[in-house]
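Reader: I've got a new model open and would like to go through it with you. Shall we start with the overall picture and then get down to single residues?

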Amino acid sequence: MKNNLKITYLNDCILIEDVLVIGDIHVGCNEYGERVVFPGIQLEGIINKLEEIFGYLKKQNKKIKKIIQLGDFKHDFGNITDVEWRETIKLIDYFIKKVGVKNLFIIKGNHDNVLEPIVRKKSIKLKEFYKLKRKNQDICFMHGNKLFEQCLNVQTNKQTLRKNTMGNKQTNRQTIFLGHLHPAITLSDKYKSEKYKCFLHGKWNGKEVYILPSFSSSSFGYDLRDLDGGKEKFFIIPSKGLKNFEVIIYNNNEKKEYNFGKLKDLI
Ligand SMILES: [Mn+2]
């Protein structure tokens with residue numbers, strides 16, 4: 001079956017037609033998992049990056065109607081400081097200004113224990129997962145640390161029945177979008193090696209899967225060479241399966257993505 005859903009890679013996020021998908025932001029946290037010293041400067045970096053994305057989309061006459069954030073919006077340090085509270089509200093307000101509170105969906109990540117009371121102030125309820133139907137596709141958004149079967153079995157029996165009586169045996173295509181892993185890959189030539197954030201795209205259990213890099217302004221990334229080192233245990237797709245995924249690096253200067261082939265050939 002043809003995938004007629006238009007997926008566009010952007011700077012560390014993905015556009016599904018008019019839906020903007022953003023991965024782990026980890027407000028308040030640096031790339032080493034430590035609390036940032038200047039939250040204001042960090043937030044400015046995140047908002048500048050978003051402004052650049054929205055500016056680019058506007059130039060292309062693309063309007064965003066919905067924003068889905070895949071979890072770990074704010075890093076959890078147990079107690080939240082006043083500044084962090086304010087900065088997180090500022091970022092939520094920024095998203096609300098873009099699409100309206102009804103079109104902003106935030107998924108609960110493993111680092112989002114302190115986020116709940118903040119988003120509640122804005123009448124937003126954190127979601128375990130989010131489902132979307134587009135064309136002939138069932139799209140499921142999850143953080144990635146926990147599998148929610150309800151998100152995958154989106155087709156009701158009634159729908160299956162109706163399709164069958166119409167002689168249409170096709171079932172809906174399923175696509176999954178995940179965060180949590182913060183994929184990054186180190187590419188080397190004979191002079192230097194450098195770590196790049198990347199997207200992963202592949203098949204898992206017959207479903208099409210996209211894994212987004214972190215959206216933090218710093219080079220927040222989990223080096224995929226360490227895939228067998230432990231972290232994969234906390235991700236719903238086993239590393240053996242991930243190794244067959246394709247590595248996609250987005251070059252923000254050229255506004256273009258490059259497919260580097262299968263992960264197993266790069267690590
Ligand atoms: Mn996470």
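Author: Sure, ask away. Just keep in mind that this is a predicted model.

Reader: How many helices and strands does the protein have?

Author: The protein has 267 residues, 35% of which count as buried. Among contacts between residues at least 6 apart in sequence, 68% join residues at least 24 apart. As for secondary structure, the count is six helices and 15 strands.

Reader: In what order do the strands of the five-stranded open sheet come?

Author: This sheet is open, with mixed pairing. Its edge strands, each pairing on one side only, are β1 and β5 (104–106). On average, neighbouring strands here are turned by 20 degrees against each other, direction ignored. The order reads β1-β2-β3-β4-β5.

Reader: Which residue in β2 stands opposite Ile 7?

Author: β1 covers 7–9 and β2 covers 13–16. The two strands run antiparallel and are joined by three bridges. Opposite Ile 7 you'll find Ile 16.

Reader: And at what angle to β4 does helix α2 run?

Author: Helix α2 takes in residues 82–99 and lies across two strands, β4 (66–69) and β5. β5 is one of the edge strands of the open sheet. Relative to β4, the helix runs at about 150 degrees.

Reader: Asp 12 caught my eye. Is it buried or exposed?

Author: Asp 12 is found in the loop between β1 and β2. Its phi is positive, near 60 degrees, and the residue isn't a glycine. A residue needs 20 or more other C-beta atoms within 10 Å to count as buried. Asp 12 has 23 of them, so the answer is buried.

Reader: What is the phi of His 182?

Author: His 182 has its place in the loop between β8 (173–178) and β9 (183–188). With 25 C-beta neighbours inside 10 Å, this residue counts as buried. It is not a glycine, yet its phi is positive, at about 50 degrees.

Reader: Let's step back into β8. Is Gln 174 buried, partly exposed or exposed?

Author: Gln 174 has its place in strand β8. The cut-off for buried is 20 or more other C-beta atoms within 10 Å, and 12 or fewer would make a residue exposed. Gln 174 has 19, so it comes out as partly exposed.

Reader: How far apart are the C-alpha atoms of Gln 174 and Lys 207?

Author: Leaving aside neighbours within four places in sequence, Gln 174 is in contact with Asp 138, Cys 140, Leu 152 and Lys 207. Along the chain, Gln 174 and Lys 207 are 33 residues apart. Their C-alpha atoms are separated by 5.4 Å.

Reader: On to β9 and β10. How many residues lie between them in the hairpin?

Author: β10 spans residues 193–197 and pairs with β9 in the antiparallel sense over five bridges. Among the facing residues, Thr 186 stands opposite Lys 195 in β10. The two strands form a hairpin, and the number of residues between them is four.

Reader: What is the bridge partner of Leu 187 in β10?

Author: Leu 187 belongs to β9, which covers 183–188. β9 pairs with β10 over five bridges. The partner of Leu 187 in β10 is Glu 194.

Reader: Last one: which are the edge strands of the three-stranded sheet?

Author: This open sheet has mixed pairing and the order β10-β9-β13. An edge strand here pairs on one side only, and the two that do so are β10 and β13 (222–223).

Definitions and conventions:
Residues numbered from 1 in each chain as written. Predicted model: local features only at pLDDT ≥ 70, side-chain atom pairs only at ≥ 80, totals over all residues. Contact = placed C-beta atoms within 7 Å. Pairing = 2+ DSSP bridges. Axes fitted to C-alpha atoms, helices over the stretch in contact; angles between N-to-C directions.
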